[in-house]
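Morning, everyone. I have one structure to walk through today. Let me put it on the screen.

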Amino acid sequence: MLVAPSILSADFLNLGSEIKSICQAGCDYVHIDVMDGHFVPNLTIGPLVVKKVAEISSKPLDIHLMVRNAGFFVDLFAPLKPEFMSVHIEEEKHLHRLIQYIRSYGIRPSVVLNPHSSEETLKYIIKDIEMVLVMSVNPGFGGQKFIDGIEKKISNLKEMIDKYNPSCLIEVDGGVNNKNIDLLKIVGVDIVVAGSYIFTNNDYAKAISSLR
Ligand code: DX5
Ligand code: ZN
């Protein structure tokens, strides 16, 4: 299991040392939650701060865009060369075009499903993407409770991926901890995002390895 700490739960007054600590603790990616106050009822960080994170991080960035008008945000963050850029299916009228646009920057495109969105909506896009990000909370805030029952959606998604695009990864985001990790592994999740579970633990390396 690959682990991507969400810096939403990091100490923002000491962001530099927090990034160094999670990288040294052995995380695989650094998950960046970009919120615009429109798609979700919260605001987080923009490209000026994320640029500094990119400079100090020894691990690739995984950018999760929770925004309206995603193309505008793709342009803002693409120069930072993240590994993945994830866009929500609920917000896009021209998803295929946006996916091609992200790929044109040399970034691996990913599509996010909110808890209410069906995996079936991915049927005609799955072969064009590198990852599906399944939300296990309603996006907008860290520290929320994992929504039970998500495993059926992930199993169905895994079937679709095996059939149409076996190299596509599955990432799960929201309320992930050492209690629900086994179930996520069983149903075929490749990467977990964890914010509060890692950053409220005194020992980041121990928290990360407990998920791995
Ligand atoms: C929610 C974000 C998540 C979240 C994860 O909108 O996309 O990345 O911050 O934090 P935890 O693990 O605390 O749910
Ligand atoms: Zn996220």
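Let me start with an aromatic residue. Phe 73 is buried, because its relative accessibility is 15%. One thing to keep in mind throughout: this is a predicted model.

Phe 73 has a partner. Its ring and the ring of Phe 72 have their centres 5.3 Å apart. The planes stand at 90°, so this is an edge-to-face pair. Phe 72 sits at 46% relative accessibility, so Phe 72 counts as partly exposed. So this pair joins a buried ring, Phe 73, to a partly exposed one, Phe 72.

Here is another pair: Phe 199 and Tyr 204. Their rings are 5.3 Å apart, centre to centre, with 70° between the planes. That is edge-to-face as well. Are these residues buried or exposed? Phe 199 is buried, at a relative accessible area of 11%. Tyr 204 is buried too, at 15%. How many aromatic pairs does the count give? Four.

Next, the helices. Look at helix 3, residues 70–77, and helix 4. How do their axes run? They come within 11 Å and cross at roughly 5°. That makes helix 3 roughly parallel to helix 4, because an angle under 35 degrees counts that way.

Which residues make the contact? From helix 3, we have Ala 70, Gly 71, Val 74 and Asp 75. From helix 4, we have Leu 98, Tyr 101 and Ile 102.

Stay on Val 74 for a moment. Val 74 belongs to helix 3. Its relative accessibility is 0%, so Val 74 counts as buried. What does Val 74 touch, leaving aside its neighbours within four places in sequence? The contacts are Leu 65, Met 85, Leu 98, Tyr 101, Ile 102 and Tyr 105. Ser 196 is another matter. Val 74 and Ser 196 are 26 Å apart, C-alpha to C-alpha, and 122 residues apart in sequence.

Now the loops on either side of helix 3. Most residues other than glycine have a negative phi. Two here do not follow that. Asn 69 has a phi near 55°, a positive value. Asn 69 lies in the loop between strand 3, residues 61–66, and helix 3. It is exposed, with a relative accessible area of 53%. Then there is Lys 81. Its phi is also positive, about 55°, and Lys 81 is not a glycine. You will find Lys 81 in the loop between helix 3 and strand 4, residues 84–88. At 60% relative accessibility, Lys 81 counts as exposed.

On to charges. How many salt bridges does a search of the whole structure find? The search finds 10. I will show you three.

First up, Arg 212 and Asp 28. Their side chains meet in a salt bridge, 2.8 Å from N to O. Arg 212 is in the segment after helix 8, and Asp 28 is in the loop between helix 1 and strand 2. The two are 184 residues apart in sequence, so the pair ties together parts far along the chain from one another. Arg 212 is partly exposed, at 43% relative accessibility.

Next, Lys 51 and Glu 55. This salt bridge has N and O at 3.2 Å. Both residues are in helix 2, residues 47–56. They are four residues apart, which means a separation of about one helical turn. Lys 51 is partly exposed, at 41% relative accessibility.

Then Arg 103 and Glu 130. Their closest N and O atoms are 2.9 Å apart. Arg 103 is in helix 4, residues 95–104, and Glu 130 is in the loop between strand 5 and strand 6. So this bridge ties together parts that are 27 residues apart in sequence. Arg 103 is partly exposed, with a relative accessible area of 37%. There is also a network here. Salt bridges link Glu 83, Arg 103, Arg 108 and Glu 130.

Last topic: cysteines. How many disulfides does the structure hold? Zero. Why is Cys 23 not bonded to Cys 27? Cys 27 has the closest cysteine sulfur to that of Cys 23, but the distance is 4.5 Å, too far for a bond. Cys 23 is buried, at 7% relative accessibility. Cys 168 is buried as well, at 3%.

That is my tour. Over to you.

Conventions
Residues numbered from 1 in each chain as written. Chains lettered and ligands numbered in written order. Predicted model: local features only at pLDDT ≥ 70, side-chain atom pairs only at ≥ 80, totals over all residues. Heavy atoms only, no water. Salt bridge = Lys/Arg side-chain N within 4 Å of Asp/Glu carboxyl O. Buried < 20%, exposed > 50% of the residue type's maximum accessible area, 1.4 Å probe, protein only. Phe/Tyr/Trp six-rings, centres within 6.5 Å; stacked < 30°, edge-to-face > 60°. Disulfide = S-S within 2.5 Å. Axes fitted to C-alpha atoms, helices over the stretch in contact; angles between N-to-C directions. Parallel < 35°, antiparallel > 145°, perpendicular 65-115°, else oblique. Contact = heavy atoms within 4.5 Å.
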